[in-house]
Amino acid sequence: MRVLTIHAAKGLEFPVVVLAGIGTRPQPAGVPAVSEHSGSLVAAVGTKASGRLELGDVAAAEARETAHRDAEAARLLYVAATRARDHLIVSLRHLERFGSGSGAVRLMAAGARELAARWDPPPAPPAAAEGPLAGLVVDLPGDPSPEAHAAGRARVRFTSATGIASAAGERREEGDEPWGRGRGGTRVGRAVHAAIQSLPLTAGPDEIAAVAAAQAVAEAVPDRAGEVAALVGAALASEAAARARAAGGGLREVPFAMTRDGAVVEGFIDLVVPTATGLEIVDWKTDDVLGPAVAGRLAGYRLQAGLYAAGL
């Protein structure tokens with residue numbers, strides 16, 4: 001079992017997915033300190049409770065922020081629900097005062113109660129008779145208190161190959177949202193990675209276009225679906241993909257974890273292809289560079305690729 005945030009699960013697929021916490025509603029959107037819309041300036045300082053200084057049409061700015069928040073919540077719910085391959089389990093329990101803001105209410109409005117089977121947990125089994133190990137006392141090493149566990153956990157540093165490469169001054173793909181930075185950091189790049197990860201390596205143009213369009217919607221760049229499809233098509237037409245097809249598909253989204261310099265390095269390798277001489281690592285990139293600049297750009301990813309090899 002893996003516990004992931006929605007953003008961390010983008011591009012991944014699992015046989016069974018349980019969506020938790022969709023009975024709550026997003027936090028109030030509020031109004032940005034300063035915003036500009038249609039050539040007019042809007043600013044707000046302070047809070048309504050303590051007194052707020054307003055400039056411009058603050059009410060309209062708040063309405064736009066609320067609409068943006070609701071659209072973002074709907075998009076994230078779509079991404080979360082489409083991570084399931086075989087079974088999606090959701091809890092529709094929510095508080096009525098949340099209105100239509102929660103994911104549970106959104107799903108019910110879309111017909112979740114009518115279209116999905118209700119799951120009733122089986123009755124609890126009768127209490128088992130006391131077994132031969134009932135009196136066993138487990139002597140845990142060290143201090144088992146939650147405080148000691150938290151203190152020990154705080155000393156462990158987790159990072160990624162991309163993060164180490166960035167700290168070393170190598171190029172990394174930056175996202176346009178705080179949560180979008182790191183592996184496949186741009187919206188288009190994340191959509192391309194997600195499409196390649198879910199498509200068969202033998203996919204044709206129509207299948208590529210359909211999946212690329214869905215992933216472009218999931219990343220909030222529907223107008224760039226054609227660009228995503230072209231990049232996916234180029235990847236699947238590459239020599240690396242051909243070698244993967246010849247090897248029976250290879251392994252995609254291969255997780256790894258290792259320790260390096262006192263930190264735990266975690267990550268996913270896009271594609272691992274078994275060959276006669278060993279394992280080939282493929283990491284898809286969506287950098288927009290011309291042919292003569294490719295060699296220099298590849299050199300910028302050398303440390304990241306080396307960490308992938310070491311992790312594997």
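Where in the chain is confidence lowest, and where is it highest? The low end is helix α5 (residues 146-154), with a mean pLDDT of 63, and the high end is helix α9 (residues 225-236), at 95. Here pLDDT is the predictor's confidence in each residue, on a scale from 0 to 100. The structure is a predicted model, in which local features need pLDDT of at least 70 and side-chain atom pairs count only at pLDDT 80 or more, while totals for chains, interfaces and linings use all residues. Residues are numbered from 1 along each chain as its sequence is written, and side-chain values use heavy atoms, with hydrogens and water left out. The mean pLDDT for the chain is 81, with 82% of residues at 70 or more. One stretch to treat separately is residues 172-185, where pLDDT stays under 50 and the model has 37 contacts beyond four places in sequence; a contact means heavy atoms within 4.5 Å.

Next, the overall make-up. The chain holds 12 helices and nine strands, which are DSSP runs numbered from the N terminus (helices H or I, at least four residues; strands E, at least two). Out of 312 residues, 34% count as buried, where buried means under 20% relative accessible area, exposed means over 50%, and partly exposed is in between (1.4 Å probe, protein chains only). The accessible surface adds up to about 19300 Å², and carbon and sulfur atoms account for 59% of that. These areas come from the Shrake-Rupley method with a 1.4 Å probe, and for residues only the protein chains shown count as cover. Taking contacts between residues at least 6 apart in sequence, 61% join residues at least 24 apart.

Strand β8 (residues 263-275) is largely enclosed by the rest of the structure, because 10 of its 13 residues are buried. This strand has several pairing partners, two strands counting as paired if DSSP finds at least two bridges between them. With strand β6 (residues 157-160), β8 runs parallel over four bridges, and Thr159 has Val265 of β8 as its bridge partner. With strand β7 (residues 251-260), the pairing is antiparallel over nine bridges, and Met258 stands opposite that Val265. Strand β9 (residues 278-282) also pairs with β8 in the antiparallel sense, over five bridges, with Leu279 in β9 as the bridge partner of Pro274. Two hairpins tie this region together in sequence: β7 and β8 are separated by two residues, and β8 connects to β9 through two residues.

Two residues in this part of the chain have backbone angles worth a look. Most residues other than glycine have a negative phi. Asp261, in the loop between β7 and β8, has a positive phi of about 55 degrees although it is not a glycine. Asp261 counts as exposed, at 64% relative accessibility. Glu253, also not a glycine, has a positive phi of about 55 degrees too, but this residue sits within strand β7 and is buried, with a relative accessible area of 11%.

On to the packing. A nonpolar core is a set of buried Ala, Val, Leu, Ile, Met, Phe, Trp, Tyr and Cys residues joined through side-chain atoms within 4.5 Å. The largest core has 22 residues, of which Leu199, Ile208, Val228, Val232, Leu236 and Trp284 touch the most other members. Elements giving two or more residues to this core are α7 (187-198), α8 (205-218), α9, α10 (239-246) and β8. Apart from it lies another core, of 10 residues, which includes Ile164, Val265, Ile269 and Tyr308. Leaving out residues up to four places away in sequence, Leu199 touches Glu207, Ile208, Val211, Val232, Leu236 and Arg252.

Finally, the charged pairs. The count comes to 11 salt bridges, each being a side-chain nitrogen of Lys or Arg within 4 Å of a carboxyl oxygen of Asp or Glu. Among them, Arg85 and Asp86 meet at 3.0 Å, N to O, and Asp86 is partly exposed at 47% relative accessibility. Asp120 and Arg118 meet at 2.9 Å, N to O, with Arg118 exposed at 72%. In the salt bridge between Asp283 and Lys285, the closest N and O atoms are 2.9 Å apart; Asp283 is partly exposed at 23%, and Lys285 is partly exposed at 31%. Glu239, Arg243 and Glu280 are linked in a network of salt bridges.
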